[in-house]
Amino acid sequence: GGAGIGGGYAGEGSDITIKAGYVTATGGYDGAGIGGGAGGGGSKIIISNGTVTATGGDGAGDYFGGTGIGRGGYYIENEEPGSTGNQIKGSAVVFAAGGAKTDAHITGFDGGLTSCVLFEGAAGRVYDAPVISMDATIPEGKTLTIEKGQTLTVGSGYTLTNNGVIN
């Protein structure tokens with residue numbers, strides 16, 4: 001299947017930019033939530049603000065499932081599709097989950113994770129010192145870890161609602 005946003009079946013999903021807003025993307029069978037379709041890589045995906053939920057499609061048959069953000073699923077005996085240059089920055093709050101039978105929630109983030117909140121599956125963490133500039137909710141069943149000395153600021157007029165756990 002295809003990605004929720006990105007490549008169709010066996011297609012690459014690249015040069016995708018999300019600058020703001022509330023975005024939800026779910027991949028079809030073996031497709032990434034955002035990135036490559038089944039068998040396709042996902043590169044140069046840049047999320048620079050907003051609240052994004054990306055869920056990979058479940059693996060079907062002898063295929064691994066798609067990632068939340070990055071590559072699509074692929075046939076177990078084939079080489080993993082390439083994904084490079086992906087970034088999350090600019091105070092984005094991102095929830096990424098791979099589909100069933102996948103081995104990763106995100107791939108190809110050699111471009112960086114800076115000034116953001118990223119949940120990979122149920123586990124979330126803060127990168128650098130983001131200032132959230134949109135309303136956001138930590139859902140039930142998710143845990144956000146903020147390391148000692150780290151800051152997470154909610155901008156004036158915005159709300160962070162916690163229905164999960166903050167450590």
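Which residues is I47 in contact with, leaving aside its neighbours within four places in sequence? That was my opening lookup, and I kept in mind throughout that this is a predicted model.

**Entry 1: I47 and the cores**

I found I47 in contact with I18, V52, I69, Q87, I88, K89, A92 and V94, once its neighbours within four places in sequence are set aside. I then looked up the largest nonpolar core, which has 19 residues. I47 is among the residues with the most contacts inside that core, along with I34, V52, I69, I88, V94 and L118. I also noted which strands feed this core: β2 (13–18), β3 (22–26), β5 (42–47), β6 (51–55), β9 (93–97) and β11 (116–120) each supply at least two of its residues. There is a second, separate core of nine residues, and I wrote down F95, V117, A136 and I138 as members of it. A general reminder to myself: in soluble globular proteins, nonpolar side chains tend to be buried together.

**Entry 2: T51**

Next I went to T51, which I located in strand β6. Is T51 buried or exposed? I read a relative accessible area of 11% for T51, and because the cut-off for buried is under 20%, T51 counts as buried. Beyond its neighbours within four places in sequence, T51 is in contact with G21, Y22, V23, V93, F95, M134, D135 and A136. Two of these contacts, F95 and A136, also appear in my note on the second core.

**Entry 3: the open sheet**

I traced seven strands forming an open sheet, and I copied down the order as β3-β6-β9-β11-β12-β15-β18. The pairing in this sheet is mixed. Which strands are at the edges? They are β3 and β18 (165–166), each of which pairs on one side only. At the β18 end, I found two bridges joining β18 to strand β15 (residues 143–145), and these two strands run parallel. For a specific pair, I looked up T143 and found V165 as its bridge partner in β18.

**Entry 4: I146**

I moved on to I146, which sits in the loop between β15 and β16 (153–154). I146 has a relative accessible area of 24%, so I logged this residue as partly exposed. Setting aside its neighbours within four places in sequence, I listed V126, L152, I166 and N167 as the contacts of I146. I also checked I146 against V117: the two are 29 residues apart in sequence, and their C-alpha atoms are 9.7 Å apart in space.

**Entry 5: charged pairs**

How many salt bridges does a search of the whole structure find? I got one. R71 forms a salt bridge with E80, and I noted 3.1 Å between the closest N and O atoms. I compared the two partners for exposure: R71 is buried at 0% relative accessibility, whereas E80 is partly exposed at 36%.

**Entry 6: the whole protein**

I finished with the overall numbers. The secondary structure comes to zero helices and 18 strands. The radius of gyration is 15 Å, close to the 15 Å from the globule rule for 167 residues, so I recorded the protein as being as compact as a globular protein of that length. The C-alpha atoms fill a box of roughly 45 × 30 × 25 Å along the principal axes. Buried residues make up 46% of the 167 residues. I put the accessible surface at about 7300 Å², with 49% of that area belonging to carbon and sulfur atoms. Lastly, among contacts between residues at least 6 apart in sequence, 64% join residues at least 24 apart.

How values were computed:
Residues numbered from 1 in each chain as written. Predicted model: local features only at pLDDT ≥ 70, side-chain atom pairs only at ≥ 80, totals over all residues. Heavy atoms only, no water. Core = buried A, V, L, I, M, F, W, Y, C linked by side-chain atoms within 4.5 Å. Buried < 20%, exposed > 50% of the residue type's maximum accessible area, 1.4 Å probe, protein only. Helix = DSSP H or I, 4+ residues; strand = E, 2+ residues; numbered from the N terminus. Contact = heavy atoms within 4.5 Å. Salt bridge = Lys/Arg side-chain N within 4 Å of Asp/Glu carboxyl O. Pairing = 2+ DSSP bridges. Rg over C-alpha atoms; globule rule 2.2 N^0.38 Å. Areas by Shrake-Rupley, 256 points an atom, 1.4 Å probe, with all protein chains shown as cover.
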